[in-house]
Structure formats: C-alpha cells, structure tokens
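Work through the exercises below with the sequence and the structure at hand. Each task is followed by a solution in steps.

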Amino acid sequence: MSVHYGDPQIAIGVVFAVLALVLAVAFLVIGVQAGSEASDERVHRVGYWLRKRWLALLLVIGVLVVGISLFDLPYASGGPSGRTVVKVTGGQFFWSLAPDRVPVGTRIRFDVTSIDVNHGFGLYDPRGHLIGSVQAMPGYHNKLDLSLNQAGVYRIRCLELCGLNHSTMQSTFTVTRP
Amino acid sequence: MAATATTPPSQVMHPRAAAFTVEARGIERRIGLLFAITGLALVLVMGVLGLVMRLTQATVIGLSPGWFYRLLTLHGAGMITGVLLVTMGALWYVLHPTVPLRPGRMLGSYVLIVAGALGVVIATLVGGFGAGWTFLPPLPFYPAGQWSTWSESVFFAGLLLVDAGFFVYCLDVLEQTTTRYGGLVRTLGWQFLRGREQEAPPPQAIAATVVAIDGLLSSAVASAILTGLLGRTYDHTAAFDALVAKNLVYFFGHSMANLSIYLAAAAVYVLIPRYAGRPYETTKVFVAGWAGSLIFIATAYSHHIYMDFVQPTWAQIGSEIASYGALIPVAVVTIYSMTMLVWGSRYRWTLASTLLYVGLAGWAIGGVGAVIDSLIPINFRLHNTTWVVAHFHTYLILSVVLWCFAFLAHLLERNADRTTSRAGRAWTITLILVGGYGLTGTWFLEGVLGVPRRYAVQPPGTSGYSLAGSIFALVLALGFLSLCLQLLPLARAAWERRHYTLVEHTDSWTGTRYQARITRGAEEPRPLETPTSAGVPLANPGQLALGAAGCVVGLSAFFPQVIDASEASIRYHHLDHAGHFFVGVMLGLLLGSLPVISRRLGERPTLGLTAVIAAPTVMMLVMVPRFYEPLERNTFEHALFHLAMATFGLATGLGATRLGRITGRLAAFLAVSMAVMFAAAMK
Amino acid sequence: MSNGDPAMNDDTTATHTSSDGLWRWLLGGLTAGGVILGLLIAAYAIGYHRGQHHSSSAAAPTVTTPTTTTAAATTTRPSPAVGRVAVTPALVARGKGLYTADGCSACHSLTGSSGVGPSFKGLAGSTVTLAGGKTVTGDDAYLERSIADADSEIVKGYRAGVMSAAIGSYDLTAKPDDIRALVAFIKSLK
C-alpha cells in the first residue's frame with residue numbers, strides 16, 4: 001500500500017486537502033465573525049453578491065470536471081482486437097487467472113467474473129500502488145483494458161466484501177521481462 | 001392594576017428569535033424526546049462497536065474476523081437506523097407546529113423501526129450474519145460457515161420492518177403537508193416559483209415533502225429486493241440477477257443514508273435561525289434547489305456501481321451528473337444560506353447552536369470528498385478503499401450525528417432555559433473535532449494509499465494508520481462522553497421544570513416585574529385540526545374512466561396466450577404476475593374511488609395503510625418457485641394463483657383509496673412498481 | 001401526480017355530476033380500454049401469423065409448453081438417473097438461467113473457446129476424451145454425471161477439484177430438476 005510521485009492518488013489527496021483546509025478556514029472565519037453585528041442589509045448585499053459568484057464557480061468547475069472525466073472512462077467496449085485476454089475468476093476465497101503471466105508491454109483485457117458472490121478485482125503494481133479495480137460479478141463479465149508497462153509481480157486484492165476471508169483473498173499476476 | 005403576562009426572554013435563544021419562534025407543544029416535545037433519545041442511544045452503542053472494530057484492525061483487540069463482520073453489519077444498520085430515528089423526530093418537531101402530522105402514525109412508525117432494529121441485532125449478534133448492512137446479493141446466501149440461514153431471514157425481515165416504519169412516516173408527512181398546503185405542486189412551492197402565488201410553504205415543509213417522496217420511492221425499492229431475498233432464503237431455487245439486485249440495493253441504501261442528512265437539514269432550517277435571530281423564509285432559489293434535490297437524490301445512486309462495468313454507461317454518466325447536480329443545492333442553498341444567517345448575527349453560542357454550526361462544516365468537507373470520488377476515473381482508483389469510509393463518516397459523524405445531538409441539546413436547553421458552561425463546550429467540541437477529523441483524515445490518507453475497506457485483517461505495513469485511527473477514535477469517544485456529561489445537567493434542569501412554564505407579569509402601573517410558574521398545558525396553543533378525508537385517488541369522472549380503461553387493458557395479462565408466452569423465462573412470468581397485480585390494483589382504485597363505495601368503506605386510513613403495506617409484501621413472498629411450481633401442473637390451480645395475485649392487488653388498491661388523493665395514487669403506483677422491480681430482479 | 005382542482009378534492013363533488021354523467025364516463029372508460037385491448041389482440045394475432053409463416057414448427061410447442069414440461073416432471077422419480085432429457089423451450093430457458101445463476105458461465109463458455117472448463121458448445125453428443133485417456137460419448141447420462149458428481153470424470157487437459165469446489169454450495173445432487181434443465185440447455189447448444 002503506497003503511492004509514489006506521479007501516481008494520480010497524490011494529486012487527488014492534495015486537491016482534497018487544500019479544499020478541505022479552505023473550507024475549514026472559511027467556517028472558522030465566519031464563526032468568529034458571527035459574534036459581531038452586521039446589519040441585515042449588509043448581509044444580504046454581500047451574501048447575495050457572493051452567492052451568485054459561488055454558484056457560477058461551482059457550475060463551471062462541475063461542468064469542467066464532469067466533462068473531462070468523460071474522456072477517461074475505464075469501460076472497455078468492442079472486441080478484444082489484438083489484446084491478450086486474461087480470464088479472471090473470483091470465488092470464496094481465491095482468484096484464478098488464466099494466463100497468470102504476460103510479457104511486459106502487452107495490451108491486456110482482463111475478463112473478470114465471479115463464481116459465487118460479488119468480489120472486487122483490485123490490481124496493485126509491484127511497488128504496492130493501487131492501479132485501479134473492477135467488480136467481479138456472478139453471471140456477468142466485466143472487461144478492463146490495461147497495459148502494464150512495469151515488469152514484476154503485481155498483487156491482486158479483493159475489493160468487495162465477500163465473507164470471512166475477504167481480507168486475505170489475494171493472488172499475484174506476473175509481468176515478465178521480454 | 002391589570003398585569004400583562006409575557007413569556008420572559010429566552011436565556012438560550014437569540015433575543016430577536018422570539019418574534020418568529022413558536023412555542024413547542026407537549027406532544028412535539030415528547031415525540032421529539034422519544035425519537036432523539038432512542039436514536040442517540042442506538043448511535044452511541046453503535047459508536048462503541050465502531051471503536052471496537054478500529055481497535056481490532058489495529059490488533060489492539062483480538063476479535064475474530066467472523067465477529068468483526070458481525071459488528072460491521074450491525075454498526076452500519078444500527079447507525080443508519082439511529083440517525084434516521086433522531087432526524088425523523090427532529091423534522092416532526094419542527095414541522096408539527098404548522099402541519100397536522102398524526103402522532104398515532106409516528107408512534108406506529110417508531111414501533112416498526114425499533115422492532116426491525118431488534119431483528120437486525122439478533123440476526124448479527126446471535127445469528128452471526130455478517131454480510132454488511134448493504135447485504136449485497138448474493139453474499140447473504142454464501143455464509144462460508146459464518147452465519148445460519150435463519151439469521152438471513154431475520155436480518156431481511158428486520159430491514160423490512162425498518163423500511164415499513166419509514167414508509168409509514170413518509171406517507172403521513174406527504175399526506176399532511178399536501179393537504180395543509182393544497183396539493184403537491186403548491187406544497188413543493190412550484191406555483192410560488194412560477195410567480196403564481198405570493199407565498200410558499202415554510203422551508204421545513206418543502207424539505208419534508210421532497211424527503212417524503214424520495215423516501216417512499218426508496219421504501220418501495222427496498223421492499224421489492226428484500227421480499228425477493230427473503231423468498232430466496234426459504235426457496236433456494238429462486239434465482240436473481242446480480243446486476244439488477246445491485247441496482248435496487250444501492251438505490252435503497254444510498255437514499256436512506258442521504259435522506260437522513262436531508263431530514264436533519266430540514267430541522268436545521270428552523271433551529272439555526274433561533275440562535276441567529278434571523279428568520280429563514282422560502283425563496284424561489286430555495287424552491288428551485290429542493291426541486292433539483294428531489295431528482296438528484298434519486299438518480300445519483302449509480303455512483304456506487306461505477307466499477308460494475310456491465311451497468312449501462314448512460315446510467316453511470318447520468319449518476320455522475322446527478323451527483324454533481326446534488327452538490328449545487330446543498331452548497332449554494334442550504335450550507336450557504338445557513339452560514340449567511342450566522343454571519344454577523346451576534347450568534348448565540350450554546351451547546352446546540354455550536355453543534356449546529358460545526359455540522360455545516362462537516363457536510364461541506366465530507367461533500368468535497370464525495371464529489372471527488374464521484375468522478376468515474378477517480379472512482380476507478382478509490383473505489384472501496386478507505387476513502388469511501390472517510391467521506392461518509394465525515395458526513396455522518398461530523399455533520400448528521402452532531403445535528404442529532406444538537407436537536408436533543410436544543411430540546412433540553414429550551415426546556416431548561418439554560419445551556420452548558422463555555423469551558424465545557426469548548427472541551428467537548430475540541431475533542432470531537434480533533435478525534436473526528438483525525439479518524440476520518442487517517443482514512444482519507446489510507447484511501448490515497450489504496451488500503452481497502454471492510455478488511456478485518458489490515459494489509460501488512462498499515463498498522464501505524466490503524467493505530468493512529470484508533471487513537472483518534474478514542475479521542476472522539478471521549479468527546480461524545482463529554483457531550484453526554486454536558487447534556488445531563490441540562491436534562492436534570494429540564495426535568496425539574498417539566499410541569500411548568502415561567503411567565504413574567506408586568507404590573508401595568510408600577511412596572512414591577514415578577515415571575516410566576518404556570519402549569520404547562522393550561523396555555524398551550526390549540527392543536528391544529530387534522531383534516532378529514534383528503535379525497536380519493538381517482539377524484540373525478542375522467543380519472544375514474546381512466547381507471548376503468550386500465551382494468552380492461554390489464555386483462556390482457558390473464559389471456560392464456562400471454563401467460564404461455566411469458567413462460568419463456570421466469571422474469572417474464574413474474575412480469576405477467578405483476579400484470580395481474582396491476583389489474584387488481586386498478587380495480588381496487590376504481591371501486592374504492594366510486595363515491596357510493598367509498599362512503600360504504602368509510603374512513604379507515606390505518607386499515608388502508610396496513611393493506612397497502614401487507615398485501616404487496618405477501619404477494620411477493622409467495623412468488624417463489626416452491627409455491628407456484630407445483631401449481632403450474634394444474635391449469636385450474638395455476639389460474640387460481642394468478643387470481644390470488646389480482647386479489648392482493650385489489651386489497652392494495654382499495655387500501656390506497658383510504659389514504660387520500662396524492663398518497664393513495666403514490667402508494668398504488670409504488671405497489672405496482674414493486675411488483676415490476678421484483679420481476680426485474682428475480683429471474 | 002396532478003394538482004387537481006381544489007374543488008375536486010371533495011369526493012362528494014363527484015355525486016354532483018348526475019349519476020348519468022358518472023356512468024357515461026365509466027362506460028366511456030371501459031370502451032376505451034376495450035378498444036386498446038382489441039388493438040393489442042389484433043397486433044398479437046398479426047404478429048403470431050407472421051411468425052407462423054417464417055418459422056416451421058417453432059410456434060406450436062410454445063402454446064403447449066407448460067403441460068409437456070410438467071408431464072416430464074411427474075413421470076420421472078427424483079433419482080440421479082434421470083434418463084433422456086426432453087429439450088423443451090421452457091426447460092432450456094430455465095437451464096440458461098441456471099447457467100448464469102449457478103456460475104457455470106465463469107468456467108464454461110458458449111462460444112467454443114475453452115476456459116477454466118470445457119466449452120458447452122457442441123458438447124452434447126460429441127466424443128469426449130477423459131483425463132485417463134478413455135473416451136466417452138457426451139450423452140445425457142454423461143452430462144448429468146458431470147454435474148451431480150463433479151470430479152468423477154475430468155476432461156483431459158483440465159484441473160480436478162475446481163468444479164466440485166465451485167458448485168459444492170449449490171447442492172445440485174438434491175435438485176434433479178435443475179440438473180435436467182442444465183442438461184437440456186447444454187443439449188440446445190449445437
């Protein structure tokens with residue numbers, strides 16, 4: 001479990017921390033100023049002026065981030081088209097991957113399913129960083145397209161509560177050097 | 001020598017608030033206290049369980065994974081139920097002065113919810129059920145030796161009871177607000193928004209109506225999936241579709257958790273003004289914001305299913321948009337307006353008002369964590385890590401639970417006419433904030449690192465975080481202990497003053513003032529009249545004609561050709577059963593709405609309510625292969641079974657006509673929807 | 001949910017419309033319903049006849065399906081040797097449901113490609129080579145044995161122990177109807 005420079009999670013964490021801090025400070029300042037008196041007229045003037053801009057800011061940010069996110073959806077579509085299909089089957093409490101190793105740089109399609117309950121296919125790179133996850137559902141095949149460019153032993157952990165040994169349901173996936 | 005009697009200025013609330021604060025009646029205080037104390041007791045016990053879990057993860061306590069997951073399940077279900085109870089009571093307390101809500105319904109709701117909670121406690125602690133409060137199917141049926149089959153049934157039955165209790169509550173709220181303010185569109189403030197009217201219902205009424213509608217939807221969905229799963233526990237050949245089941249489960253779970261926050265917000269709209277001394281009134285922006293929330297609360301649920309790639313992409317994108325849409329009314333209307341009220345108001349800092357204000361910050365910060373995770377590419381990396389745990393605990397501990405305590409504190413402060421010491425308050429808030437944000441902050445950090453959630457055994461190398469989290473949890477526990485200790489003297493003072501109110505007499509000539517005690521109840525404001533029958537679902541000849549047409553068209557579900565064609569798959573056959581049910585419902589609505597029959601049936605709202613809840617539930621419970629496969633061999637018995645479906649529908653439809661115009665229609669619609677959702681899920 | 005005219009909230013208003021008026025409305029509603037129903041029946045009849053022209057005898061069995069399926073159920077005793085399984089649309093549909101519900105899809109494809117287990121496509125009736133080298137015919141009895149006693153006859157090239165672990169919790173030996181449905185489904189995959 002780790003993150004390293006360049007991993008997206010770092011940016012996510014930093015953005016959250018900054019926003020949380022800004023909000024905390026804002027609430028602190030307003031809380032302190034709550035003790036003093038401001039006329040209703042002044043509150044309305046400042047408040048409504050600010051609110052218009054606040055709404056505009058939120059709308060702009062919202063539309064931007066949602067729009068950008070639509071370009072990076074993880075949903076695979078279409079046929080395998082040259083990808084190596086790795087069949088992943090989850091069950092209580094094991095993972096079976098076929099094949100369980102590929103050469104580095106292979107374009108992979110993980111075809112993930114479950115034979116009993118919902119599991120979560122969580123893929124961690126050799127440094128312990130979570131690349132991402134996809135659900136393993138009984139009766140359905142979820143397809144995740146990835147290219148793993150780092151050689152080494154990847155770890156799979158279960159990311160959906162599946163019973164007693166949910167915490168210990170692990171496996172490995174090897175990306176071999178060419 | 002005449003004396004004038006006035007209520008002495010409140011020692012607790014803002015001086016200017018007296019102009020718009022209503023006196024609380026005995027019934028409001030009692031129900032508020034009942035729900036607040038029961039709910040908070042449940043929350044506190046669940047909190048201890050949470051502490052035990054965190055200590056287990058830190059390997060300070062050596063609880064087995066089996067017990068960990070039992071506690072996890074109980075903690076989730078119990079917390080949601082607890083906060084729901086308190087916020088239901090809080091909304092009742094602020095709404096009842098203007099809307100004639102029925103105490104009988106409220107108490108019925110209470111009994112159902114407490115009974116359901118008891119079932120969940122037994123299923124988890126005694127039966128070992130440990131599938132999480134979200135019981136994601138098919139996990140409940142794969143115990144892997146952890147729990148017994150009966151615990152599955154008891155858990156589902158318990159949740160069904162809680163769900164029924166919430167249904168009863170929402171139905172009463174919706175019925176009474178729409179009757180009081182004249183129809184659904186007017187109650188939501190939309191006529192006011194369009195400029196057709198000068199006044200709109202007060203903020204808490206609009207909020208209550210929106211919550212009630214989404215609450216009823218959520219209840220219906222919960223009913224459909226829970227009865228299906230309950231059927232599966234005693235008939236293993238009943239199969240269900242994992243994706244549809246997931247959709248139903250997350251719609252229900254997401255809505256319940258969300259609605260508890262919005263319920264609390266409705267109470268906050270009334271309580272913060274009392275300490276800020278500024279009234280909060282409905283504006284067009286407010287109405288528009290809540291109209292948005294009505295839609296977005298219901299459509300954002302698929303953000304729990306982002307990582308189920310087989311979910312249709314339009315549903316995923318729709319939920320992403322809805323999740324961001326939901327942010328706008330919260331950030332721009334609720335949180336912003338409340339902060340605007342507080343700013344520069346000479347805010348009266350009491351225990352209740354401090355908790356109210358701090359809760360606003362909790363919702364804002366938790367919300368940031370939530371909307372970040374609502375972006376699909378980011379969710380890909382954060383899904384089911386502790387980031388999720390962090391954000392909802394921020395919402396729940398540092399916003400809703402604080403608001404729940406604020407409600408109790410307000411009740412007690414008001415009755416006692418005093419608040420806690422400043423130092424005591426400072427300590428409590430500091431402990432809670434440090435402990436709370438430390439606990440959730442650790443989880444946010446672990447989420448960034450990719451640590452999975454719901455792990456009884458933490459991954460190697462993360463024990464430091466678990467330990468830090470446990471320490472913060474202990475600090476938080478101390479904070480809540482301190483909070484309870486602060487509330488005790490308030491409770492004692494309120495108890496001593498329970499029989500009287502203070503009245504200040506001013507002698508008109510000398511101006512001398514003296515206080516006197518007047519027995520409570522003598523000068524209580526008159527209770528609002530509960531209106532009589534608010535109409536029937538099919539209210540005019542045109543609608544009756546539509547009902548008749550519906551019955552006739554629905555008869556197609558009985559044709560042998562249709563029945564045979566529906567045998568192509570179990571799902572289609574269940575849909576056919578839903579068709580039979582639909583005919584019965586339409587017939588019931590039609591007959592019950594006819595004036596002559598409606599008069600004969602008389603005013604029986606409770607019987608109607610029972611029918612509307614029981615009939616569809618029983619219908620879905622018997623729709624399992626174990627019952628109908630033996631019948632299918634005999635054409636006559638098969639036809640009888642279909643007729644039984646229609647009879648259940650008839651009972652539902654007739655019952656719906658006793659509820660009132662709007663709630664009757666909604667109840668009938670939801671009953672048929674439940675049958676359809678059941679058909680979609682159970683294959 | 002329409003707002004409705006406030007005056008119409010009161011159900012006594014309906015009686016102010018003369019009972020003639022009310023009955024006229026109801027009759028109108030019934031007639032409208034009848035018309036729509038008639039249209040639906042007409043649409044079904046047209047579609048049905050069109051279907052008759054296109055397919056050979058597919059249409060006929062669907063009407064009598066319930067009785068043929070149940071006849072099969074009542075004449076066989078619930079013992080492992082279920083004998084020859086009739087491929088009826090309802091049974092195949094049920095088997096198809098079980099194929100996904102019981103997790104067969106995780107290991108057995110329908111397309112011919114082998115996965116954790118052999119594909120079902122073309123399996124019924126084919127010659128199967130078992131792990132020891134022995135060959136058997138993939139008849140009904142073989143299919144039924146493979147489900148009820150999962151690791152008794154492993155196909156060459158596949159691992160033992162996986163299937164029994166995977167389906168153990170379904171307890172299929174106690175559900176001959178399910179086994180029959182699955183066999184019917186497998187047989188329907190040419």
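**Exercise 1: a nonpolar patch on chain B**

V126(B) is found in helix α3 of chain B. Task: state which residues make a nonpolar surface patch with V126(B), and which helix gives the most to the patch.

Solution. The model is a predicted one.
- Step 1: list the members. W67(B), L118(B), I122(B), L125(B), V126(B) and W150(B) make a nonpolar surface patch of about 560 Å².
- Step 2: assign the main contributor. Helix α3 of chain B, residues 103-126, gives the most, with four residues.

**Exercise 2: confidence in chain B**

Task: find where in chain B confidence is lowest and where it is highest.

Solution.
- Step 1: take the chain as a whole. The average pLDDT of chain B is 93, and 97% of the residues score at least 70.
- Step 2: compare elements. Strand β1 of chain B (residues 3-6) has the lowest confidence in the chain, with a mean of 64, while helix α2 of chain B (residues 65-95) has the highest, at 97.
- Step 3: apply the general caution. Predicted coordinates should not be read in detail where pLDDT is low.

**Exercise 3: the second largest cavity**

Task: describe the lining of the second largest cavity by residue, by element and by class.

Solution.
- Step 1: place the cavity in the count. There are eight cavities of 30 Å³ or more in the structure, and the second largest holds about 70 Å³ of space.
- Step 2: name the lining. It consists of A77(B), I80(B), T81(B), L84(B), W133(B), L159(B), V162(B), F252(B) and M256(B).
- Step 3: sort by element. Two or more lining residues come from each of α2, α4 (149-181) and α8 (242-276) of chain B; α2(B) has the largest share, four residues.
- Step 4: sort by class. Eight of the lining residues are nonpolar, one is polar and none is charged.

**Exercise 4: a salt bridge in chain B**

Task: explain why the pair D308(B) and K246(B) ties together parts that are apart in sequence.

Solution.
- Step 1: check the contact. The two side chains, of D308(B) and K246(B), form a salt bridge at 2.4 Å, N to O.
- Step 2: locate both ends. D308(B) lies in the loop between α9 (284-299) and α10 (313-342) of chain B, and K246(B) in helix α8 of chain B, so the pair links parts 62 residues apart in sequence.

**Exercise 5: backbone exceptions in chain A**

Task: state which loop of chain A holds F93(A) and which holds P99(A).

Solution.
- Step 1: recall the background. Most peptide bonds are trans.
- Step 2: take F93(A). A cis peptide bond, with omega about 0°, joins Q92(A) to F93(A), and F93(A) lies in the loop between β1 (84-91) and β2 (94-98) of chain A.
- Step 3: take P99(A). A cis peptide bond also joins A98(A) and P99(A); P99(A) lies in the loop between β2 and β3 (101-103) of chain A.

How values were computed: Residues are numbered from 1 along each chain as its sequence is written. Chains are lettered from A and ligands numbered from 1 in the order in which they are written. This is a predicted model: local features need pLDDT of at least 70, side-chain atom pairs count only at pLDDT 80 or more; totals for chains, interfaces and linings use all residues. Side-chain values use heavy atoms; hydrogens and water are left out. pLDDT is the predictor's confidence in each residue, from 0 to 100. On a 1 Å grid over the protein atoms alone, a cavity is a set of points where a 1.4 Å probe fits but cannot get out, and a pocket is an open set with protein on both sides within 12 Å along at least five of seven lines; lining residues have an atom within 4 Å of a point. Grid points are joined across faces, edges and corners, and a volume is the space filled by probe spheres set on the points. Ala, Val, Leu, Ile, Met, Phe, Trp, Tyr, Cys and Pro count as nonpolar, Asp, Glu, Lys and Arg as charged, and the others, Gly among them, as polar. Patches are made of residues with over 30% relative accessible area and no salt bridge: like charges are joined within 9 Å, nonpolar side chains (Val, Leu, Ile, Met, Phe, Trp, Tyr) within 5 Å. Accessible areas come from the Shrake-Rupley method with a 1.4 Å probe; for residues, only the protein chains shown count as cover. A salt bridge is a side-chain nitrogen of Lys or Arg within 4 Å of a carboxyl oxygen of Asp or Glu.
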